[in-house]
Structures are given as structure tokens and as C-alpha cells.
Amino acid sequence: MNGLRYVYAVCRPFHAALEDGPAGVAGVPPRQLAHDGLVAVVSTVPERDFAEEPLRARLEDLDWLAATARAHQGVVDALTAVTTPLPLRLATVFRDDSGVRAMLQERADDFHRALDRLDGRVEWGVKVYAETDPTQTQGQTQGQTPGTESPGGAEGAGNASQPPRKPVSGRDYLRQRRVRRQAHQEMQENTERFARQLHENLSGCAEDFRLHAPQNPALSGSSGRNVLNAAYLVPRSGSEAFVTKVEQEKSGITGVRVELTGPWAAYSFSGVEGREGP
């Protein structure tokens, strides 16, 4: 069979059909390559794109990279619906089927340990952002913890919604700047307290967690400052309860955005990476 072998993930043998019939990288449907109780899910891809030199150039092409990443993720998502996959790094390729089998043989113990630990479990991602747009945070009362009412009641809420008063003097301008800076700082501190409490509550509902570095908004394209970027390992059977917990925790908060994503294959917990190549 001509072409290189692109490996999406390693799992145990399964017989269910993949949902939606993912096209796979380079438009080639994935197939199972079995060896000694393990399965590598692979596609055959052209050397003109995936051999070492052209691949290095291709990875600089953002459109090509995005399309490849979507195809890769589509296969992994389809696998997650029917089994427990261990996803490999994007663009993990081998010369032929023998190279893939050699990889499965060499790393069999690691793969089996990871599959034993992750069987029946999925990953959920939770991010907390402190909104920085003044129109989103203007109503936040100084010292108010996200999710609580203003101690001033309706009157305080009315005052907070009014547009800032035009300063009448230089001293007044400096005072208003100081008040806005203090309000912003207090809101940031409140958001961080909320994020710590949310993480503590969610980690109690999960079997394991990983705290990732906050995302750079210039790279992620998300508004606001990323305060929490966490992954939680949850039994598939407990996913509904986990989602409900997140919805309850974020209910009613202001000045804070909570993003929940998943269920994913357990990327953060697999402890495996693709290596070797053609």
C-alpha cells in the first residue's frame, strides 16, 4: 500500500462503526491496524505532504494545518464516542504498517497502563475569564463577589448602570481614575477567588485534574483574562452530573465568563505522545 501511515490514536479493539464516518486526514477514511491486543487507528497519507521535509514546510501553512487538525480531531471525536482512545500528537506518521506495529510493540506496556486507567473516562475542559470590557463590567459593585447582589439593592444597581460622570477638574479626573482602578483590581481579585473555589468544587467531582497555563488572549482570540484553564477526568457515567455542577456554580455571576468544553478524549491524562517518523 503506497503512502505513509498517519496515526490518530491507540486503543483496544472495537467493533462499533464510527459515527458520521469521519473523512480522515487527506480525505482518507481511518482504519484499524491491530497488533497484540492493541489497535492503531491510521490513514494512508501521501509522501508529498507528510514526508519529513514537505511536512516541515506544510506545518508553516496555517490553512493546511487547520484543515489537518480538524480532520485529526474529527477522527478522535468519533473514536471517543465508541471507545477510549489515546490520541497521538498531530502529524504522527510512520513509513508503513510494520513501523506502526513496531511502535505498538515497543510501547505496549505504557499503552495498556494508560488504557486501564482511562477506560470509561472522558476529559472536560473548564476555563474562567475575567471580562475586561468596561461595558461588561461596569455594573460590578466595588468589593462585590461575583454572583452576589449589591448591598445597595436596587438603588446601588441603578447608580452602577449610569454612565461615568464627566470630571469637572483635574483633581476630580484623578479621583475617578483611582476609583476605576480600584474597582478593576477588586473585580480581578473576586474573579480569582471565584476561580479557586470553582476548581476546588469541580476537582471534588472528578477523578483527576490538570491545571494548564492560562491562555494568551492574543493567541486564543478569547476576550478577557484567562484566570483558570483546567482539565478534569470524569467517568463517562458521571458527565451529566459534572456538567450540571458547572452550570450551578456559574449561575448568576457577573463580570466573569465560564467556558465548558467536552467531552474529549483524555488528552491531558494519557501520558502518551507520538514519536518516531518516516
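Me: Which elements do the buried residues of α5 pack against in this predicted model?

Reply: Contact here means heavy atoms within 4.5 Å. By that test, the buried residues of α5 pack against the strands β1 (4-11), β3 (38-45), β4 (86-87), β6 (121-130) and β8 (225-235), and against helix α4 (97-106).

Me: Which residues of α5 are buried?

Reply: Helix α5 spans residues 108-118. Its buried residues are Ala-108, Phe-111, Ala-114, Leu-115 and Leu-118.

Me: Why do they line one face of the helix?

Reply: An α-helix has 3.6 residues a turn, so residues three or four places apart point the same way. Look down the axis of α5: the buried residues fall within an arc of 135°, so they line one face.

Me: Which exposed residues does the face turned away carry?

Reply: Asp-109, Arg-113 and Asp-116 are the exposed residues on that face of α5.

Me: What follows α5?

Reply: Gly-120 follows α5. The phi of Gly-120 is positive, near 75°.

Me: Take β1, one of the packing partners. Is β1 mostly covered or uncovered?

Reply: Buried means under 20% relative accessible area. In β1, eight of eight residues are buried, so the strand is mostly covered.

Me: How does β1 pair with β3?

Reply: Bridges give both the partner and the sense. β1 and β3 run antiparallel over seven bridges. Leu-4, for one, has Val-45 of β3 as its bridge partner.

Me: How many bridges join β1 to β5, and how many join it to β4?

Reply: Two bridges join β1 to β5 (residues 93-94), antiparallel. There, Tyr-6 is partnered by Val-93. Two bridges also join β1 to β4, again antiparallel. In β4, Pro-87 is the bridge partner of Ala-9.

Definitions and conventions
Residues numbered from 1 in each chain as written. Predicted model: local features only at pLDDT ≥ 70, side-chain atom pairs only at ≥ 80, totals over all residues. Heavy atoms only, no water. Buried < 20%, exposed > 50% of the residue type's maximum accessible area, 1.4 Å probe, protein only. Helix = DSSP H or I, 4+ residues; strand = E, 2+ residues; numbered from the N terminus. Arc of directions from axis to C-beta. Pairing = 2+ DSSP bridges.
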